[in-house]
Amino acid sequence: MGKKPLQTGNQYHKPYRPLPIALFNRAGRVAEKMGVLGQLDTEQLIANARRKSGLTDFGDEWFRTPLSVLVNAINEEANLTPLGKLIQKNRLEAALMVRLRAQQLLQAHPEILQIDLGKIIIIAGLQRTGTTTLHRLLAADPNMRALLSWEALNPLPLPREKTGNPKKRIAMARTAEKGLAYLAPEFFAIHPVEHDAPEEDVLLLDLSFMSQSPEATLHVPTYANWLETQDHTPAYEYLRTLLKILTWQRPAANWVLKTPHHMEYLDVILKVFPEATIVQTHRDPQKTTGSFCSMVAHGRGVFSDQVDARDVARHWVRKVNRLMQVSIDVRERANPQRFIDVSYYDLLKDPIAEVARIYRAAGLPFDERVAQAAEATRQRNVQHRYGKHVYRLEDFGLTREDIETQTAFYRRRYGIPYEQ
């Protein structure tokens with residue numbers, strides 16, 4: 001992966017560009033002016049996916065509407081570099097091909113839809129609150145199934161792939177990991193993306209084109225605002241189908257899922273996943289807000305040369321406050337036994353004890369083998385393996401007073417201490 005950065009920078013308006021990438025973008029801009037490189041087109045993306053996969057049947061094509069809204073926002077608002085546009089084009093086409101192949105697989109094996117997912121633990125905490133650490137600890141259990149990064153990129157068997165031998169998909173994910181490390185080496189100091197590690201299932205929601213991923217990596221406010229007004233039940237029902245497809249390939253007794261996106265749609269989760277126990281992690285917003293804004297700014301810099309750190313903060317401070325409020329509203333109406341709260345500070349102090357507490361809440365046995373697996377994972381995942389994440393609130397136009405004013409209700413609700 002090359003030399004690991006000692007610490008992240010804060011030149012968000014000047015994203016890092018390796019020379020070959022800078023030259024590619026320069027040539028691409030010339031091609032854009034000459035009309036060679038056009039905008040993304042929804043119908044062309046669908047046609048390309050059908051041509052490349054050799055398949056035509058999507059089943060229910062309800063996804064066309066969110067895809068069109070996203071494509072329009074990318075074209076009108078995202079200010080992508082030529083490479084950024086190429087990456088997004090390939091990503092959207094790949095998602096469409098997954099849907100085509102999933103439809104083909106389900107027609108050939110309708111028994112997949114009858115698979116029991118077992119107990120499901122869903123980590124739905126805010127960003128930078130220890131969710132990745134907790135996710136990996138829970139996923140260490142041999143009886144616990146998590147989405148792995150290579151599965152997130154290719155959740156279905158490739159054509160002519162032998163059953164139980166996904167080595168090509170794993171190799172493709174390893175290449176993608178190296179590619180991201182080349183494009184944005186500092187990003188790994190903020191959020192490690194490892195091909196064989198547990199990954200956020202928001203990447204499966206991406207296959208329905210209804211997730212927070214675009215607004216976390218691109219400037220697409222029109223799409224983000226539209227998303228908040230929609231019924232997300234179809235996207236979560238498709239997520240459930242994808243989990244069954246993954247279980248069919250690599251069985252396990254239970255599942256653990258994780259993404260902050262879930263906080264916004266707990267009402268849908270309670271309906272679509274009636275067997276789920278929902279874990280919310282909590283940490284001082286003074287420590288998480290700037291950190292997450294920095295993560296988003298670095299992520300946007302992979303795809304665009306125009307990154308406005310203050311715009312990132314304006315968008316995500318409002319968004320995070322929405323996540324806080326809607327999750328509280330749902331919990332006030334829901335069965336409290338469906339939820340368990342985990343303090344970031346308790347997780348740091350005694351992670352194995354917190355894992356045991358979650359297992360009890362979920363009705364799962366916690367034995368010495370589970371404890372040993374979690375402990376081995378804890379020892380491997382040391383802090384700052386890829387460098388130190390450094391950021392400043394002032395770079396985002398934020399102050400501690402601003403953050404406290406907007407998040408005090410959340411601190412009071414969950415008794416969150418001030419972090420020194």
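Helices here are DSSP runs of H or I with at least four residues, numbered from the N terminus. The model is predicted, and this report takes up its enclosed space and then two residues with an unusual backbone angle.

**Cavities**

When the whole structure is searched, four cavities of 30 Å³ or more are found, and the largest cavity among them has a volume of about 150 Å³. Three helices, α14 (285-300), α15 (309-333) and α19 (400-414), each supply at least two residues of the lining of this largest cavity. The lining comprises 14 residues, and those that lie nearest the centre of the cavity are Thr288, Thr289, Trp316, Val317 and Val320. Sorted by class, the lining of the largest cavity holds nine nonpolar and five polar residues, while charged residues are absent from it.

**Positive phi angles**

Two residues that are not glycines have a positive phi, and both are set out below with the loop in which each is found.

| Residue | Phi | Loop between |
|---|---|---|
| Asn79 | about 50 degrees | α3 (64-77) and α4 (82-108) |
| Arg128 | about 70 degrees | β1 (120-123) and α5 (131-139) |

Is Asn79, in the loop between α3 and α4, buried, partly exposed or exposed? Its relative accessibility is 42%, and because buried means under 20% and exposed means over 50%, Asn79 counts as partly exposed. Arg128, for its part, lies in a loop that follows a strand, β1 (120-123), and leads to a helix, α5 (131-139).

Key:
Residues numbered from 1 in each chain as written. Predicted model: local features only at pLDDT ≥ 70, side-chain atom pairs only at ≥ 80, totals over all residues. Heavy atoms only, no water. Buried < 20%, exposed > 50% of the residue type's maximum accessible area, 1.4 Å probe, protein only. 1 Å grid on protein atoms, 1.4 Å probe; cavity = no way out; pocket = protein on both sides within 12 Å on 5 of 7 lines; lining within 4 Å. Points joined across faces, edges and corners; volume = space filled by probe spheres on them. Nonpolar A, V, L, I, M, F, W, Y, C, P; charged D, E, K, R; others polar.
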